Number of protein chains: 2
Amino acid sequence: MPAFRAGSPAQTAFLGELIDAGLFIETGVPGLYGRNAVFEDVRLRFDDLIRRRALPDHPEPLRFPPLLPRRQLESSGYLKSFPHLAGTIFAFEGDEADAHAQEQRASRHEDWSEHQHMSELVLTPAACYPVYPAIGRRGPLPPGGVMIDAGGAYVFRHEPSGDPARLQMFHQRELVRIGEPEAVAAWRDGWRDRAVALLTALGLDAQLDVAADPFFGRSGRMLAASQKQQQLKFEVLVPIAGEDPTAVASFNYHQDHFAAAHGIELADGGVAHTACLGFGEERIVLALLRRHGLDPDAWPAEVRRELAA
Amino acid sequence: MPAFRAGSPAQTAFLGELIDAGLFIETGVPGLYGRNAVFEDVRLRFDDLIRRRALPDHPEPLRFPPLLPRRQLESSGYLKSFPHLAGTIFAFEGDEADAHAQEQRASRHEDWSEHQHMSELVLTPAACYPVYPAIGRRGPLPPGGVMIDAGGAYVFRHEPSGDPARLQMFHQRELVRIGEPEAVAAWRDGWRDRAVALLTALGLDAQLDVAADPFFGRSGRMLAASQKQQQLKFEVLVPIAGEDPTAVASFNYHQDHFAAAHGIELADGGVAHTACLGFGEERIVLALLRRHGLDPDAWPAEVRRELAA
């Protein structure tokens with residue numbers, strides 16, 4: 001079992017408010033909640049706001065299910081950096097006697113894991129992951145590269161927590177830019193400023209910061225330091241519940257990491273670079289609920305206007 | 001490995017057409033595909049058509065992530081009936097040496113399953129599953145019961161196939177009725193007719209049939225016969241690719257199965273019944289593409305009108 005991280009008193013209190021208001025629906029597992037129509041309406045309005053703000057770039061919309069081929073996770077370096085966050089899909093293989101034994105153990109809530117075997121599938125850890133092989137399979141990029149709108153997609157992080165802003169399954173709203181290094185870096189920098197302005201216009205106290213991924217273990221601390229020193233990751237932080245602000249958007253410049261892994265080449269045969277921009281949709285809804293109150297009908301007119309389609 | 005079911009020649013050809021047209025995006029695993037904007041636009045229009053048709057019943061919209069607590073699967077009987085279709089989430093537990101050993105094996109595409117341990121989570125097998133415990137936790141039902149619109153939710157079936165209509169991860173558009181036995185049965189019967197009319201209006205050759213779930217093994221054949229004999233499940237079948245039509249919607253009357261499992265009581269303390277109605281969204285899009293052609297802009301005006309918001 002991964003360590004359950006208890007929420008702070010303020011986070012626990014906010015989670016209780018969300019559940020009492022029906023915005024979150026408990027399932028019995030921390031970090032896994034249903035949502036009511038009020039919560040989903042705000043989430044989809046924010047999702048559409050990003051779509052509209054990205055329209056001038058004419059991104060190509062692609063959508064992917066929340067599962068990836070296991071082979072892609074094996075090849076991507078994810079298990080080196082984030083073994084603690086990954087989720088793999090196991091499934092039954094066996095005959096009727098095995099199925100009976102499995103069911104008997106499971107119905108008594110005993111360990112039935114020996115009946116389950118690793119499948120070809122894993123949970124998607126970040127919404128941009130399926131984009132790279134899909135683009136790589138097309139052959140060399142068109143001149144100028146591509147921009148993909150990967151929509152609001154469910155992603156998994158195995159980190160059970162009492163903080164309502166730390167979900168195990170949540171929607172990442174991702175845009176991906178693939179092309180010449182300078183074009184990719186410029187796109188990343190432009191969106192960094194746009195994202196802060198966009199969240200500020202929603203009445204949120206948005207702060208930009210150089211950041212690092214939650215790499216695993218001791219060697220991970222060195223990776224994180226290097227990532228920060230090279231300014232490869234930025235985050236936008238906003239207050240939700242508790243003393244420290246929470247990251248609600250991140251901008252990641254992968255240099256040639258994903259392009260090399262998936263054979264993505266520039267039109268002239270050079271090495272492509274990639275960057276992605278991800279908004280944590282549930283966290284942004286939570287930040288808005290925390291800032292403006294649990295009833296979106298009573299939010300300030302200017303916030304409601306920003307979120308109107 | 002579950003047996004891979006090869007597609008028929010017609011199914012294989014149709015899958016090739018979908019991939020060539022960019023409607024499906026290959027991932028390397030059969031039954032797991034990305035989708036382009038054209039496919040998603042039709043899917044969302046159909047999703048919204050169901051929402052609009054359900055509005056007169058004033059359903060309560062609830063949304064759930066594509067994962068369930070493992071404990072619910074253990075208690076629901078699913079592992080007795082469908083062990084072969086379930087997917088469970090495993091995750092890493094260990095220190096840096098374990099993580100290193102796992103990563104080394106994985107990067108060579110060797111077996112790394114021993115480093116993965118069963119988590120508290122499984123993939124959602126049907127979109128109505130999270131609804132029952134959520135309603136059970138509220139206490140006795142209001143008079144007349146409830147109707148839930150569970151939206152278009154991703155569900156998992158572990159059945160890799162070359163048939164483009166048999167996906168491992170797909171959207172089920174579910175409505176759930178919970179209440180007095182007569183009210184639930186009447187709701188199920190009413191929607192059965194509405195669904196056939198709705199699909200016929202989209203130009204599909206929709207046929208209603210008494211059906212059975214794909215229960216596992218020899219004892220499963222008896223369960224299927226009993227289910228058919230009691231007329232607990234109906235399906236709407238439409239032609240997609242191949243000789244036999246494909247089920248694109250199903251109507252399931254569970255009697256008191258889920259209500260008993262999750263303690264759902266009527267307002268007067270009596271036993272509640274439940275029924276659900278599920279549309280397979282990807283199958284319906286595929287049926288429309290097969291029937292009217294791969295370019296929705298060229299579909300008959302009356303079909304486009306039905307799908308207009």
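Which side chain does Glu114(B) meet in a salt bridge? Its partner is Arg105(B), with N and O 3.0 Å apart; a salt bridge here is a side-chain nitrogen of Lys or Arg within 4 Å of a carboxyl oxygen of Asp or Glu. Glu114(B) is exposed at 54% relative accessible area, while Arg105(B) is partly exposed at 28%. For those words, buried means under 20% relative accessible area, exposed means over 50%, and partly exposed is in between (1.4 Å probe, protein chains only).

Some ground rules before going on. This is a predicted model, so local features need pLDDT of at least 70 and side-chain atom pairs count only at pLDDT 80 or more, whereas totals for chains, interfaces and linings use all residues. Residues are numbered from 1 along each chain as its sequence is written, chains are lettered from A and ligands numbered from 1 in the order in which they are written, and side-chain values use heavy atoms, leaving out hydrogens and water.

Now for the overall arrangement. Turn chain A by 180° with 0.0 Å of shift along the axis and it lands on chain B with an RMSD of 0.0 Å (a least-squares fit on the C-alpha atoms of residues with pLDDT of at least 70 in both copies). The two copies are thus related as by a two-fold rotation axis. Within chain A, the residue closest to that axis is Ile89(A), whose C-alpha sits at 2.5 Å.

Next, the interface. Each side brings residues to the contact, 66 from chain A and 66 from chain B, where contact means heavy atoms within 4.5 Å. Because 100% of chain A's interface residues are also interface residues in chain B, the copies meet through the same surface. About 5700 Å² is buried between the chains, with carbon and sulfur atoms giving 69% of it; that area is the accessible area (1.4 Å probe) the two parts lose on being put together, summed over both. Glu96(A), His109(A) and Trp112(A) supply 11% of what chain A buries against chain B, more than any other three residues. Glu96(A) also makes a salt bridge to Arg218(B), at 3.6 Å from N to O. The count of salt bridges between the two chains is two.

Glu40(B) is worth a stop too. This residue belongs to helix α2 of chain B, residues 37-54, and is buried at 9% relative accessible area. Beyond its neighbours within four places in sequence, Glu40(B) is in contact with Arg63(A) and Arg35(B).

What about the nonpolar interior? A nonpolar core is a set of buried Ala, Val, Leu, Ile, Met, Phe, Trp, Tyr and Cys residues joined through side-chain atoms within 4.5 Å. The largest has 72 residues, and Ile178(A) and Ile178(B) have the most contacts inside it. Another core lies apart from that one, with 52 residues, among them Tyr33(A), Leu198(A), Leu204(A) and Leu288(A). Looking around Ile178(A) and skipping residues up to four places away in sequence, you'll find touching residues including Val131(A), Tyr132(A), Leu141(A), Ile264(A) and His273(A).

Back to charges: over all chains there are 44 salt bridges. One joins Asp189(A) to Arg188(A) at 3.3 Å, pairing a partly exposed Asp189(A) at 30% with a buried Arg188(A) at 7%. Another links Arg304(A) and Asp297(A) at 3.7 Å; here Arg304(A) is partly exposed at 37% and Asp297(A) is exposed at 63%. Finally, Arg5(A), Glu159(A) and Arg166(A) are linked in a network of salt bridges.

Technical notes
Helices (H or I, at least four residues) and strands (E, at least two) are DSSP runs, numbered from the N terminus.
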